[in-house]
Amino acid sequence: VLKTSENELLCRVEGDAAMGSMLARYWLPVGRSSELIADGPPRRLKLLGRRLVAFRDSGGQLGVMNENCPHRGASLALARNEHCALQCLYHGWRIDRTGTILETPSEPEDSTFKTKIRHIAYPVHESAGMVWTYLGPPEREPAPPAFEWTELPEEQVFLIKVRTRANWVQCLEGVIDSAHLMFLHSDFTRPDWARQAEAKDTGRAATEERVLGELNKARYEDYARLYAETTPYGFRYAAVRQPADGPRITKYVRTSHFVAPFFGFFPAPPGNGFMQAFVPIDDYNTWFYWVQYRVDGQPITPEMRRAALEFSGFVPGVDVDEDGHNIRTWDNMWLQDRGAMTRKETFSGISGINNEDFAIQESMGPLFDRSTEHLGTSDVAVIRMRKLMLASVRAWLDRGEEPLGLAEPFPLPRIRAGEGIIDQEQPWQTVGDWLDESATAIGAR
Ligand code: FES
Ligand SMILES: [Fe+2]
């Protein structure tokens with residue numbers, strides 16, 4: 001069990017919080033490429049409690065810098081974006097994406113004032129439709145993010161981005177908790193509940209197989225045994241269950257990966273990959289990213305996009321507004337439908353699989369004090385993540401050690417989650433193994 005002080009150390013990112021400064025040593029997702037249009041509106045951006053602005057200049061180049069104008073602090077999100085610079089509305093200063101002050105038109109013509117000032121701007125990286133930035137010390141900048149999906153053409157990648165009103169660790173703990181699949185997500189994972197949900201909403205069950213893959217091959221009455229193994233980037237772990245109708249000498253295995261500091265990879269249907277990321281906005285809010293990518297060379301079709309949005313419960317204009325804010329909140333009980341629950345049409349009463357997660361994470365309060373928890377054997381992966389991240393932030397704080405995953409970088413494009421039914425004797429590590437060894441695992445991609 002975590003002490004309150006450990007909980008604070010693990011979760012808080014704002015101001016001079018140690019975890020916030022450590023997370024600044026990693027590349028952080030900023031948003032989808034499509035949110036930033038050349039000469040379009042600059043976007044306000046808050047990461048680790050820091051107020052930033054992101055924009056794409058006339059030449060298509062991206063900039064991320066501090067939100068407040070270096071002159072007297074007006075928000076540069078209000079600025080004009082033209083002629084390869086932001087022009088502050090207040091007194092017309094023009095600042096380019098590197099932080100160079102191009103013009104100070106409110107100063108005398110012969111002023112050299114502008115050459116003495118620089119605005120604080122950060123490195124930006126863009127690949128596969130995602131924009132990233134690095135907020136840490138320039139001399140420690142790590143190699144740009146490289147996962148399997150960031151190397152793919154944009155049409156093979158689909159990104160969903162929604163704000164959660166809860167601390168980032170609370171959200172992250174949802175994706176590395178295989179045990180909740182058979183409870184919270186019963187409508188999708190348990191044939192008895194899925195049938196009821198299908199009667200109510202055919203679209204939902206129709207997407208079930210495509211999105212959840214082979215999870216229905218597990219005996220849902222059985223509890224999951226969880227195993228975890230530390231790796232250079234975090235850990236990989238497995239949930240092992242009895243197969244629904246396989247012989248007793250086999251087992252159904254789902255392997256997933258935690259990649260520091262906030263990425264989760266988990267099994268996807270054949271030909272696909274899934275990743276989730278939980279990027280701290282501040283202590284109490286998190287950007288949730290859902291990444292679906294095709295590893296079979298096929299594009300993500302409009303039908304797949306629609307299915308993913310409906311399945312997660314994040315249809316723009318219906319469930320979330322254009323800024324990614326969910327209409328389901330603590331205030332309206334996440335629109336839980338108690339009538340449908342009583343009629344046994346749904347287990348959770350909450351529409352959309354990711355909305356189920358959001359409701360649970362937000363229901364704990366914006367930053368839950370873990371000193372009051374009672375952890376069980378199904379919580380081993382969650383415990384492992386907390387231990388690793390706490391050890392990392394302490395070693396970084398006390399001895400200046402490199403944060404987890406940065407000291408000995410692992411070729412992240414090689415990792416894959418997987419699922420399959422294997423012999424009882426076979427080690428779980430053979431399912432969804434490293435990319436170049438995965439071919440032998442049954443049911444793995
Ligand atoms: S505050 Fe931006 S130009 Fe004066
Ligand atoms: Fe979940």
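In this predicted model, the lining of the largest pocket draws at least two residues from each of β1, β2, β3 (50-56), β12 (157-164) and α7 (302-312). Among these contributors, β12 gives the most, with seven residues. The pocket has a volume of about 1,100 Å³ and is lined by 40 residues. Glu35, Lys161, Trp287, Glu322 and Asp323 are the lining residues that lie nearest its centre. By class, the lining of this pocket comprises 20 nonpolar, six polar and 14 charged residues.

The second largest pocket holds about 400 Å³ of space. Of the 22 residues that line this second pocket, Ala143, Pro145, Gly405, Leu406 and Leu412 are the closest to its centre. Its lining is made up of 21 nonpolar residues and one polar residue, with no charged residues. The lining of the largest pocket, by contrast, includes 14 charged residues.

Strand β1, one of the elements that line the largest pocket, was examined further. Five of the six residues of β1 are buried, so this strand is largely enclosed by the rest of the structure. Strand β1 is joined by five bridges to β11 (residues 130-134), and the two strands run antiparallel. Within this pairing, Leu28 stands opposite Thr133 in β11. In a regular strand, side chains alternate between the two faces of the sheet. The loop between β1 (27-32) and β2 (43-47) contains Ser34. Ser34 is exposed, because its relative accessible area of 56% is over the 50% cut-off. Although Ser34 and Gly129 are separated by 95 residues in sequence, their C-alpha atoms are 7.2 Å apart in space.

Enclosed spaces were considered next. A search of the whole structure finds three cavities of 30 Å³ or more. The largest cavity has a volume of about 340 Å³. Several elements give two or more residues to the lining of this cavity, namely α3 (168-175), α6 (202-212), β15 (250-259), β17 (272-280), β18 (286-294) and α9 (353-363). The largest share, five residues, comes from α9. In total, 25 residues line the cavity, and Val175, Leu181, Phe266, Gln276 and Asp357 lie nearest its centre. The lining of the largest cavity divides into 14 nonpolar, eight polar and three charged residues.

Asp357, one of the residues nearest the centre of the largest cavity, also takes part in metal coordination. The iron ion (ligand 2) is coordinated by the NE2 atoms of His180 and His185 and by two OD donors of Asp357, at 2.0 to 2.6 Å. The spacing of these donor residues in sequence is H-x4-H-x171-D. His185 lies in the loop between α3 and α4 (186-189), whereas Asp357 belongs to helix α9; the pair therefore ties together parts that are 172 residues apart in sequence.

The geometry of the site was also assessed. For four tetrahedral donors, the ideal angle at a metal is 109.5 degrees. The four donor atoms around the iron ion (ligand 2) subtend angles of 55 to 160°, and the arrangement is therefore irregular. His185 is buried, with a relative accessible area of 2%. Asp357 is also buried, with a relative accessible area of 13%. Both residues are classed as buried because their values of 2% and 13% fall under the 20% cut-off.

Terms used
Residues numbered from 1 in each chain as written. Chains lettered and ligands numbered in written order. Predicted model: local features only at pLDDT ≥ 70, side-chain atom pairs only at ≥ 80, totals over all residues. Heavy atoms only, no water. 1 Å grid on protein atoms, 1.4 Å probe; cavity = no way out; pocket = protein on both sides within 12 Å on 5 of 7 lines; lining within 4 Å. Points joined across faces, edges and corners; volume = space filled by probe spheres on them. Helix = DSSP H or I, 4+ residues; strand = E, 2+ residues; numbered from the N terminus. Nonpolar A, V, L, I, M, F, W, Y, C, P; charged D, E, K, R; others polar. Donors = N, O, S within 2.8 Å, 3.2 Å for Na, K, Ca; no water. Tetrahedral: all angles 85-135°; square planar, octahedral: opposite > 155°, others 65-115°. Buried < 20%, exposed > 50% of the residue type's maximum accessible area, 1.4 Å probe, protein only. Pairing = 2+ DSSP bridges.
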